[in-house]
Amino acid sequence: YGPFSDGVEFDAFQASLHGLEQLQSLYYVELCGWLHWNSLPYQLQHLTAMKELYIHGFGVEALPDWFRYFRSLVYIGFFNCQKLQQLPPKEVMQCLTHLVDLTIDDCPLLGERCTRRSTTDSEFHKISNIERIYINQKK
């Protein structure tokens, strides 16, 4: 198994990120995961100076409340996160006061919920204040 093999378990991946939380001035992070990984590395929550975050291929269904710490975040993109359905609660999203650009690309469950405005399971109310929203649903 190589470092990018789908046979790598999440715990081993997370252990490989040991020390990442000490890079508090890191402003650009791009993480690629696997569909069978149902959480994000906890070390991310310590990267409070981050301005850009790209998340590819993780199997997480909902984003954690610790997204509230990303107050410097300007851009966030989710790509091929097939199970992602929920953003953090609206109170958490409101903490992201610098967020102006959101991309949801090939995340069918979240993309669908972010485009519906009036249904009870809509996520649109959480992102309606974001200046640029790009949602691409692959067919």
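The open sheet in this predicted model has 5 strands in the order β1-β2-β3-β4-β5, and their pairing is parallel. At its edges lie β1, residues 28-32, and β5, residues 132-136, each of which pairs on one side only. Ignoring direction, neighbouring strands of the sheet are turned against each other by 5° on average. Strands of a sheet pair through backbone hydrogen bonds, in either a parallel or an antiparallel sense.

Strand β3 is a useful place to follow the pairing in detail. On one side, strand β2, which spans residues 52-56, runs parallel to β3 and is joined to β3 by 5 bridges. Within this pair, L53 has I76 of β3 as its bridge partner. Strand β3 itself covers residues 75-79, and its pairing with β4, residues 101-105, is also parallel, over 5 bridges. Here F79 stands opposite D105 of β4.

The surroundings of β3 can be described face by face. Of the 5 residues in β3, 5 are buried, so the strand is mostly covered by the criterion of under 20% relative accessible area. Y75, G77 and F79 are buried on one side, I76 and F78 are buried on the other, and both faces are thus covered.

The last residue to consider is D105, which is located in strand β4. Is D105 buried or exposed? Its relative accessibility is 15%, and because the cut-off for buried is under 20%, D105 counts as buried. Apart from neighbours within four places in sequence, D105 is in contact with F78, F79 and N80, as well as with N136 and K138.

Notes: Residues are numbered from 1 along each chain as its sequence is written. This is a predicted model: local features need pLDDT of at least 70, side-chain atom pairs count only at pLDDT 80 or more; totals for chains, interfaces and linings use all residues. Side-chain values use heavy atoms; hydrogens and water are left out. Two strands pair if DSSP finds at least two bridges between them. Helices (H or I, at least four residues) and strands (E, at least two) are DSSP runs, numbered from the N terminus. Axes are lines fitted to C-alpha atoms, for helices over the stretch in contact, and angles run from 0 to 180 degrees between N-to-C directions. Buried means under 20% relative accessible area, exposed over 50%, partly exposed in between (1.4 Å probe, protein chains only). Contact means heavy atoms within 4.5 Å.
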